[in-house]
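Let's take a relaxed walk through a protein model and see how its helices and strands fit together. Have the picture open while you read.

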Amino acid sequence: MQTILVVDDDSQINAMLTEALTQAGYAVVNAYSGTEALLVLQQAPQPDLILLDLMLPGRSGEEVLAQLPPVPIIVVSAKTAVVDKVAMLTHGAVDYISKPFSIAELLARIQVQLRLAQQAAQPLAALTFAEIRLDPDQHSVTVAAHPVHLTPTEFALLKVLLRNPGQVLTKAILLERISVDTLDGDEQSLRVHISNLRQKLRAVTGKDYIEAVWGIGFKLTDES
């Protein structure tokens, strides 16, 4: 059973959330201030998700956010200003819902965040093509069982190519997809990164695994 920590000084809202979450099949731990929330977290097992109010007695939600464990944190607050929402999302919250709120909507958002957290915790399968093997969890690449050191951008490019073997990927698609893993990517530098990646892969077996398709982009191949 997944556990949710509810941090809200309003006893009625805290009780309402506890009842709704319990009926939805969650275990619930309660705290009524930021200070109490930190104390609960020291004494109890880590929850799977935290619902955090901001306007709390003693230490506010803003103050304790940075000290909360690395679990999904959904802010539930009467503060509706965009600046407040942006600040909380920037500093670690995964979602923000304003009071008054719909219980059905909140439960749906909780379900989404718990599902995303579970997916993130699962080990990623290694990607292989011919003699190339990329392990996303270990952040390692081997060619014919020989380790190959890649920069973060080269690693991101190879990962995208390995997920689309034999498919021609345009520069725009490559840049869009590697942006998830690296900010070091623009059209001017893409050819340089691709060239360096090709050389590193070719150095082990002499095969050129990346083919430039003139005027379109690049693809992973095992024809050379």
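## Strands side by side

Leu-5 has Ile-50 in S3 as its bridge partner. Keep in mind that this is a predicted model. That pair belongs to a wider match-up: strand S1 (residues 3-7) and strand S3 (residues 49-52) run parallel and are joined by four bridges.

Strands of a sheet pair through backbone hydrogen bonds, and they can do so in parallel or antiparallel fashion. Here, S1 and S3 sit in an open sheet of five strands, ordered S2-S1-S3-S4-S5, with parallel pairing. At the edges you'll find strand S2 (27-31) and strand S5 (95-98); each has a single partner strand, so one side of each has no neighbour in the sheet. Direction ignored, neighbouring strands of this sheet are turned by 20° against each other on average.

Now for the other sheet style. Four strands, in the order S6-S7-S8-S9, make an open sheet with antiparallel pairing. Its edge strands are S6 (127-129) and S9 (146-147), and each of them pairs on one side only. Look also at strand S7 (residues 132-135) and strand S8 (residues 140-143), an antiparallel pair with four bridges. Within that pair, Asp-135 stands opposite Ser-140 in S8.

## Helices lying across strands

Some helices lie across these strands, and the table lists three of them.

| Helix | Lies across | Angle |
|---|---|---|
| H1 | S1, S2 and S3 | about 170° to S2 |
| H2 (residues 34-43) | S1 and S2 | about 135° to S2 |
| H6 (residues 152-163) | S6, S7 and S8 | about 115° to S7 |

So what do H1 and H2 share? H1 lies across S1, S2 and S3, while H2 lies across S1 and S2.

## Helix against helix

Two packed helices are described by the angle between their axes and the distance between the axes. How do helix H1 and helix H5 pack, then? H1 (residues 11-23) and H5 (residues 103-121) meet at an angle of about 60°, and their axes are 11 Å apart. H1 and H5 are therefore oblique to each other. Their crossing is right-handed.

Which residues do the touching? From H1 come Met-16, Leu-17, Ala-20 and Leu-21, and they meet Ile-103, Leu-106, Leu-107 and Ile-110 of H5. Sort the residues of this H1 and H5 contact by type and you get eight nonpolar, no polar and no charged.

Notes: Residues numbered from 1 in each chain as written. Predicted model: local features only at pLDDT ≥ 70, side-chain atom pairs only at ≥ 80, totals over all residues. Heavy atoms only, no water. Axes fitted to C-alpha atoms, helices over the stretch in contact; angles between N-to-C directions. Helix = DSSP H or I, 4+ residues; strand = E, 2+ residues; numbered from the N terminus. Parallel < 35°, antiparallel > 145°, perpendicular 65-115°, else oblique. Left-handed = near helix turned anticlockwise from the far one by under 90°. Contact = heavy atoms within 4.5 Å. Nonpolar A, V, L, I, M, F, W, Y, C, P; charged D, E, K, R; others polar. Pairing = 2+ DSSP bridges.
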